[in-house]
Amino acid sequence: MSVDGKSSIWLMKTLQTSTEVYSICPYDVNRFIVGTVDDRRHARMIGLNGQESDIHSLTFMRYSEGASCCTYLPSDGVVAVTYWHYHTVHLYQIGTGTRRVVLDDRIQYPAGICGSQGRVFVACDDTKTVVEMTVQGEIVKCHEVGMIPITISITQDGGHMVVADNVLDTTIKLFKMEYA
């Protein structure tokens with residue numbers, strides 16, 4: 001899709017994928033990273049030309065059930081992946097292939113995920129919170145959102161967080177972010 005200066009969008013191309021896609025985020029101008037459903041490769045790279053590939057140097061844990069959401073933080077070279085049934089977030093470093101596993105009682109049924117300015121934000125279904133952590137896996141804050149958050153996004157300037165409730169509701173909340 002493309003967006004012009006008048007905020008109009010139009011379909012440019014349709015890509016068929018080899019797996020169901022649950023989340024999507026940009027990697028560079030020609031490729032994006034997707035989170036998958038019921039696929040042993042929990043995140044894949046897809047080019048605008050439709051070519052799919054594994055993400056160089058990343059080996060994912062064995063986990064084949066359900067969906068994985070992922071996000072990419074280009075300034076840190078980190079792909080962050082949620083594992084809903086395991087209550088964990090895995091932080092994969094592109095290039096070295098190292099993985100940090102974040103397991104904490106505050107992360108319960110992690111759903112949506114996004115990243116901004118060296119931070120990872122995880123929507124946690126069971127606790128009705130958004131967990132904020134560093135790309136090293138240190139939990140910074142747990143934000144109460146008063147809803148079951150499924151999808152989350154941070155504005156480009158990092159000043160606002162947008163959270164959408166589960167698919168059975170029609171609620172979207174906008175939060176102002178302040179950093180100490």
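**A three-stranded sheet, two nonpolar cores and the cysteines**

Reader: In which order do the strands of the open sheet of 3 strands stand, and with which pairing?
Author: In this predicted model, strands are DSSP runs of E with at least two residues, numbered from the N terminus, and two of them pair if DSSP finds at least two bridges between them. The open sheet of 3 strands has antiparallel pairing, and its order is β15-β16-β17.

Reader: Which strands stand at the edges of this sheet, and by what angle are neighbouring strands turned against each other on average?
Author: β15 (149-154) and β17 (172-176) each have a single partner strand, so one side of each lacks a neighbour in the sheet and these two are the edges. With axes taken as lines fitted to C-alpha atoms, and angles that run from 0 to 180 degrees between N-to-C directions, the average turn between neighbouring strands, direction ignored, is 20°.

Reader: Which residue in the turn of the hairpin of β15 and β16 has a positive phi?
Author: β15 pairs with β16 (residues 160-165) in the antiparallel sense over 5 bridges, and I154 has M161 in β16 as its bridge partner. The hairpin formed by β15 and β16 leaves 5 residues between the strands, and the one with a positive phi, of about 75°, is G158.

Reader: Which residue of β17 stands opposite H160?
Author: β16 and β17 also pair in the antiparallel sense, over 5 bridges. Opposite H160, in β17, stands K176.

Reader: How many residues has the largest nonpolar core, and which strand supplies its largest share?
Author: A nonpolar core is a set of buried Ala, Val, Leu, Ile, Met, Phe, Trp, Tyr and Cys residues joined through side-chain atoms within 4.5 Å, where buried means under 20% relative accessible area, with a 1.4 Å probe and protein chains only. The largest such core has 16 residues, and V89, L91, I107, V120 and M133 have the most contacts inside it. At least two of its residues come from each of β8 (78-83), β9 (88-93), β12 (119-124) and β13 (129-134), while the largest share, 3 residues, comes from β12.

Reader: How many residues make up the other core that lies apart from this one?
Author: Among the members of that other core are I33, C70, Y92 and I94, and its size is 12 residues.

Reader: Why is C124 without a bond to the closest cysteine sulfur?
Author: A disulfide is a pair of cysteine sulfur atoms within 2.5 Å, and by this rule the count is 0. C124 is buried, at a relative accessible area of 0%, and C114 counts as buried too, because its relative accessibility is 8%. The closest cysteine sulfur to that of C124 belongs to C142 and is too far for a bond, at 6.8 Å.

Reader: Which strand has the highest mean pLDDT among the elements?
Author: Residues are numbered from 1 along each chain as its sequence is written. Local features need pLDDT (the predictor's confidence in each residue, from 0 to 100) of at least 70 and side-chain atom pairs 80 or more, whereas totals for chains, interfaces and linings use all residues, and side-chain values use heavy atoms, leaving out hydrogens and water. The protein has a mean pLDDT of 84, with 87% of its residues at 70 or more. Strand β1 (residues 2-3) has the lowest mean among the elements, 55, and the highest, 95, belongs to β13.

Conventions. Helices (H or I, at least four residues) and strands (E, at least two) are DSSP runs, numbered from the N terminus. Buried means under 20% relative accessible area, exposed over 50%, partly exposed in between (1.4 Å probe, protein chains only).
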